[in-house]
Amino acid sequence: LWVVFRHLSPDSGVALVRTWLLQNDAAADVDRMERCARHFHMAKGANAAALDLLRWAESRGLQVPAESARKWRELYFTVLRATAEERATTMKRGGAFTSGGLDMATPAVHDGGSEEGAVAMELTTFPHYRSQLTRLEIPLRNITLTERGVLAEKMDVVAPHGGGEVDLEGGGAE
């Protein structure tokens, strides 16, 4: 698959890999998703490509086996943090402080529910993200409920109640 991926445009490659993941029921395999996220990041040159892949999997109703839940949450946190740090480098120019936070939107957030078999994701804000780069606390806008839960867990913050959060520990949505 990766031999073919290298010779395609990034968008075509992403579509090919997503199709392969669905046909081979491989989206719940954390190691495969991690490898895909790494390839997407390298092909598109942005951490947001990897975040978009994880959001795509979430919108498709990902069922993570209970024994892989911790590893999945680690991958999600790593990708979220890398994307936030990448975007934080331009936050002054982009107005993150005056616009209510750092925008974490990706294509899966905007059109995740329009693809066949996908479910629209409810978006929220995580108000207590501390940038490793600037050490400033900035809110993250346009994140999913699952991402809010992962950030709260990994950053030792009590997540606000909001219902609808995907239960990665149990393998499905509440």
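Glu34, Ala37, Arg38, His41, Asn47, Ala50, Lys71, Glu74, Leu75, Thr78, Val79 and Ala82 line the second largest pocket of this structure. Welcome to the model, which is a predicted one. Below you will meet that pocket, a pair of packed helices, a small set of strands and one residue with an unusual backbone angle.

**The second largest pocket**

- Its volume comes to about 190 Å³.
- Three helices, α3 (30-44), α4 (47-59) and α5 (69-88), each give at least two residues to the lining of this pocket.
- Which helix supplies the largest share of the lining? That is α5, with six residues.
- By character, the lining residues of the second largest pocket split into five nonpolar, three polar and four charged.
- As background, rolling a probe the size of a water molecule over the atoms reveals where empty space remains.

**Helix α5 against helix α8**

- Two packed helices can be described by the angle between their axes and by how far apart those axes lie.
- For α5 and helix α8 (residues 145-154), the packing angle is about 90 degrees and the axes are 10 Å apart.
- Because of that angle, α5 counts as roughly perpendicular to α8.
- On the α5 side, the contact is made by Arg73, Glu74, Tyr76, Phe77 and Leu80.
- Their counterparts in α8 are Thr146, Glu147, Gly149, Val150, Leu151, Glu153 and Lys154.
- The residues of this contact between α5 and α8 comprise five nonpolar, two polar and five charged.
- Glu74 has a part in two of these topics: it lines the second largest pocket, and it also meets α8.

**The sheet**

- Three strands make an open sheet with mixed pairing, arranged in the order β1-β3-β2.
- Why is one side of β1 and of β2 left without a neighbour in the sheet? β1 (102-103) and β2 (123-130) stand at the edges and each has a single partner strand, so one side of each has no neighbouring strand in the sheet.
- β2 and β3 run antiparallel and are joined by five bridges.
- Tyr129, for example, has Ile138 in β3 as its bridge partner.
- Helix α8 appears again here, packing on the sheet and touching both β2 and β3.
- The direction of α8 makes about 145 degrees with that of β3.

**A residue to look at: Asn142**

- Most residues other than glycine have a negative phi.
- Asn142 is not a glycine, yet its phi is positive, at about 60 degrees.
- You can find Asn142 in strand β3 (residues 137-144).

Methods:
Residues numbered from 1 in each chain as written. Predicted model: local features only at pLDDT ≥ 70, side-chain atom pairs only at ≥ 80, totals over all residues. Heavy atoms only, no water. 1 Å grid on protein atoms, 1.4 Å probe; cavity = no way out; pocket = protein on both sides within 12 Å on 5 of 7 lines; lining within 4 Å. Points joined across faces, edges and corners; volume = space filled by probe spheres on them. Helix = DSSP H or I, 4+ residues; strand = E, 2+ residues; numbered from the N terminus. Nonpolar A, V, L, I, M, F, W, Y, C, P; charged D, E, K, R; others polar. Axes fitted to C-alpha atoms, helices over the stretch in contact; angles between N-to-C directions. Parallel < 35°, antiparallel > 145°, perpendicular 65-115°, else oblique. Contact = heavy atoms within 4.5 Å. Pairing = 2+ DSSP bridges.
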